[in-house]
Amino acid sequence: MDPSFPGLGTAVNVVTVVVGALAGMAIGHRFPDRTRSVVTDCLGLTTLLMAGLSAVSVTDAVLSDATGSGAPVLIVLGSLLIGSILGSLLRIGDRLESLAGTIESWFARRSPALADTDDADATGHMTTAREKFIEGWLSASLLFCVGPLTILGSLSDGLGRGIDQLLLKSVLDGFAALAFASSFGVGVLLSAVSVAVVQGALTVIGVLLGSVLPEPHILALTATGGLMLAGISLRLLRIKDVPVADMLPALVVAPLLTQVVISLR
């Protein structure tokens, strides 16, 4: 296949997530609860590392030169605040959980073998199949769809600049999907659809509109996404149940707020 064909990078990414998730589902139930808990902790720590690598974009000279030395942190803060307020008012988290619950019920009715069973976490708290499905889908989807490689790689694919970034992301996502699915089950498999939709849309934008966002806007978006990834890591480490889904509008607010600051300079 032509490596410059738009969408190839996303297709490879979807396949690696599916393969990783299926492998995790196949071997995950063979691990004791203690092992699965450790795997989840490893994912939380790795997600925290990825969050730091993304959030450090707030210190990039390109962003500070475009907006002013003190503006990048305020842009990220403003994006999260505005986005979170909008998301909570729109009840995005509740709506996504409701959608995930509906899909989980559909899976359970048609493929009982794929449905997760109730389980207990490391603290002894009973986790229902519905909760595991929702947590697996939302956590994996946000991890796979929020970050610099998702945005830059998909746009680069659409612009015909190659799929190297998405190939790297595919390898990382495949291993992450295996680890996630060993703990959360079939919900992680559905995150492949999220990857296809989000990255596919970004690739189409790259094809139709060229370079949609200037670099400072992408850096602000990436830094904002990094803090959202930090929220995911806190959830995985069972430190705090951060409502990351309600923060999703921040990814739209970040480039818009960046443009406002640049315009006012």
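**A tour from Leu90 to the core**

Start by selecting Leu90: its relative accessibility is 49%, so this residue counts as partly exposed, the exposed class being reserved for values over 50%. The model is a predicted one. Leu90 sits in helix 4, which covers residues 71-90.

Next, add Leu74, Leu77, Leu81, Ile82 and Leu86 to the selection; together with Leu90 they make a nonpolar surface patch of about 560 Å².

Now show the whole chain as a cartoon. It contains 11 helices and 2 strands, in the order α-α-α-α-α-β-β-α-α-α-α-α-α from the N terminus. Of its 265 residues, 49% are buried. The accessible surface is about 12700 Å², with 70% of that belonging to carbon and sulfur atoms. Among contacts with a separation of 6 or more, 82% are between residues 24 or more positions apart.

Move inside and select Phe144, Phe180 and Val188. These have the most contacts within the largest nonpolar core, a set of 47 residues. Helix 6 (residues 129-145) supplies the largest share of this core, 9 residues. Apart from it is another core, of 5 residues, including Leu63, Ile75, Leu219 and Ala220.

Return to Phe144 and display its surroundings. Beyond its neighbours within four places in sequence, its contacts are Val17, Thr150, Lys169, Asp173, Ala176, Ala177, Ser191, Val195 and Gln199.

Finish with helix 8, residues 164-184. With 21 residues at 1.5 Å a residue, helix 8 should span 30 Å, and its end C-alpha atoms lie 29 Å apart, which agrees. Step on to Gly185, which follows helix 8 and has a positive phi, near 80 degrees.

Definitions and conventions:
Residues are numbered from 1 along each chain as its sequence is written. This is a predicted model: local features need pLDDT of at least 70, side-chain atom pairs count only at pLDDT 80 or more; totals for chains, interfaces and linings use all residues. Side-chain values use heavy atoms; hydrogens and water are left out. Patches are made of residues with over 30% relative accessible area and no salt bridge: like charges are joined within 9 Å, nonpolar side chains (Val, Leu, Ile, Met, Phe, Trp, Tyr) within 5 Å. Accessible areas come from the Shrake-Rupley method with a 1.4 Å probe; for residues, only the protein chains shown count as cover. A salt bridge is a side-chain nitrogen of Lys or Arg within 4 Å of a carboxyl oxygen of Asp or Glu. Helices (H or I, at least four residues) and strands (E, at least two) are DSSP runs, numbered from the N terminus. Buried means under 20% relative accessible area, exposed over 50%, partly exposed in between (1.4 Å probe, protein chains only). The expected span of a helix is 1.5 Å times one less than its number of residues. A nonpolar core is a set of buried Ala, Val, Leu, Ile, Met, Phe, Trp, Tyr and Cys residues joined through side-chain atoms within 4.5 Å. Contact means heavy atoms within 4.5 Å.
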